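Me: Please take a close look at one short part of this model and show how it is placed among its surroundings. I would like the whole chain to be described before you narrow the view, and a few further sites to be described afterwards.

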Amino acid sequence: MKIAVVILNWNGMLLLEKFLPSIVEYSPEATIYVVDNASTDDSNSYVKAFYPSIKIVKNESNLGFASGYNEALKCIDGDVYALVNSDIEVTKNWLNPIIKTFEAESNTAIIQPKILDYKSKEYFEYAGAAGGFIDQYGYPFCRGRIFDTLEKDNGQYDDNCEIFWASGACFFIRSQVYKKLNGFDGEFFAHQEEIDLCWRAINEGYKIKYNSESVVYHVGGATLQQGNPMKTFLNFRNSLLMLTKNLPKEKLYTILLVRMLLDGVAGLQFLCKGKPKHLWAILKAHWSFYGFFAVYYKKRNNFQQQQYYKVQSIVYSYYIRKVISFNDLFRIK
């Protein structure tokens, strides 16, 4: 099985200096690519000088995460794409468990490893943790992370199981499935495009898996910080676009209405916390969504998975019931 490890880069030379060594050392069975989104730093020169075996694919402009990968993967060969953030440190034997799963399970299309926090390695990392799910209204959460609460890794998720979405921070996908689904949605630019792709894969009958035997460490927020209003805009807008594409038809308008009301509550919370830029980002996200609605409605598949959510409302569970760990969602009534 041919593995292509593909690292998207934009002005990330310092990250490449720090994290390429582990990928090169622990990926002898893979071909490694750096996809450059029109960097203006010395990223390309650095890779050419110190890692001549790594192949560089140059995009003509900064196409973001979604289109950046879509464009580059047109010319990258492999049975499996390992899409890896530039701020990921991999560990010994990180590829073998993934390869074995793909070889043994023909209907498994996408796999995520265990993702721990590079800055605090005993804890799960925000972007993916031990595999992702969404609630009825499209809010994402993970085994090991609900909103901003991270769990300590005590072996509670040392399993290999089916999940709803895999993190784009370290995302393994069969190349034939990626092409069949036309890759990520380029309009997303960044954030939640991997959830959308996983949902579309599930609607096509494929499975998404988490494999705890493969472990990586993620810095997180290296390109766009958590407190950046642009991140707020992309997350809120892209979530509404994703729901429009993938919700069962009979639930679409009801769920969207409730979701937009919940977004309004989130905006008021930002305002009360003295963060008016984030309230404005949510308002802009909604206006952008209205402009895209007709286009995204036409993107809907012929079949939408009915039971797509793990819990009805993660907002209610977290803020009202005060549930802060994934396993407790199903223990506390």
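Reply: For a chain of 333 residues, a compact globule would be expected to have a radius of gyration near 20 Å, and the value of 19 Å computed for this protein chain agrees with that expectation. The coordinates are those of a predicted model, and what follows should be read in that light. The C-alpha trace spans about 55 × 40 × 40 Å along its principal axes, and the chain is built from 10 helices and 13 strands. Buried residues account for 56% of the 333 residues, while the chain exposes about 14800 Å², of which carbon and sulfur atoms supply 54%. Of the contacts between residues at least 6 apart in sequence, 77% join residues at least 24 apart. As for charge, the mean position of the 38 positive charges and that of the 34 negative charges are 5 Å apart.

The part I have chosen for the close look is helix 2, which runs over residues 43–50. Which residues of helix 2 are buried? They are Ser-43, Asn-44, Tyr-46 and Val-47, and because these four cover an arc of only 160° around the axis, they are placed on the same side of helix 2. The face turned away from that buried side carries the exposed residues Lys-48 and Ala-49, so that a buried side and an exposed face can be told apart on this helix, a residue being called buried under 20% relative accessible area and exposed over 50%. What do the buried residues of helix 2 pack against? Their partners are one helix and several strands, namely helix 1 (13–25), strand 1 (3–9), strand 2 (30–37) and strand 3 (55–59).

Two residues help to fill in the surroundings of helix 2. Pro-52 is located in the loop that joins helix 2 to strand 3, and with a relative accessible area of 68% it is exposed, the value being over the 50% that marks this class. Pro-52 and Val-6 are 46 residues apart along the chain, and their C-alpha atoms are separated by 15 Å. Val-24 belongs to helix 1, which is one of the elements that the buried residues of helix 2 pack against. The relative accessible area of Val-24 is 31%, and Val-24 is therefore partly exposed. Leaving out residues up to four places away in sequence, Val-24 touches Ile-32, Tyr-51 and Ile-54. In the other direction, the C-alpha atoms of Val-24 and Asp-135 are separated by 38 Å, with their positions 111 residues apart along the chain.

Further along the chain, two residues deserve a note on their backbone. Most residues other than glycine have a negative phi. Ala-129, although not a glycine, has a positive phi of about 45°; this alanine is in the loop between strand 6 (108–117) and strand 7 (132–134), and at a relative accessible area of 0% it is buried. Phe-147 likewise is not a glycine and has a positive phi, here of about 50°. Its place is the loop between strand 9 (145–146) and strand 10 (149–150), and Phe-147 too is buried, with a relative accessible area of 17%.

Other loops can be described through the sequence and space separations of their residues. Gly-205, in the loop between helix 6 (193–203) and strand 13 (207–218), counts as partly exposed at 41% relative accessibility. Gly-205 and Thr-108 are 97 residues apart in sequence, yet their C-alpha atoms are 9.5 Å apart in space. Lys-275 sits in the loop between helix 8 (252–272) and helix 9 and is partly exposed, with a relative accessible area of 39%. For Lys-275 and Pro-229, 46 residues apart along the chain, the C-alpha separation is 9.2 Å.

Within helix 9 itself, which covers residues 276–297, lies Ser-288. This serine is buried, with a relative accessible area of 18%, and, once its neighbours within four places in sequence are left aside, Ser-288 is in contact with Phe-233 and Arg-237.

To return to helix 2, its buried residues lie on the same side of the helix, where they pack against helix 1 and strands 1, 2 and 3, while Lys-48 and Ala-49 are exposed on the face turned away from that side.

How values were computed: Residues are numbered from 1 along each chain as its sequence is written. This is a predicted model: local features need pLDDT of at least 70, side-chain atom pairs count only at pLDDT 80 or more; totals for chains, interfaces and linings use all residues. Side-chain values use heavy atoms; hydrogens and water are left out. Helices (H or I, at least four residues) and strands (E, at least two) are DSSP runs, numbered from the N terminus. Buried means under 20% relative accessible area, exposed over 50%, partly exposed in between (1.4 Å probe, protein chains only). Contact means heavy atoms within 4.5 Å. The radius of gyration is taken over C-alpha atoms; the globule rule is 2.2 Å times the number of residues to the power 0.38. Accessible areas come from the Shrake-Rupley method with a 1.4 Å probe; for residues, only the protein chains shown count as cover. Lys and Arg count as positive and Asp and Glu as negative; His and the chain ends are not counted. The place of a charge is taken as NZ of Lys, CZ of Arg, CG of Asp or CD of Glu. The arc is that of the directions from the helix axis to the C-beta atoms.
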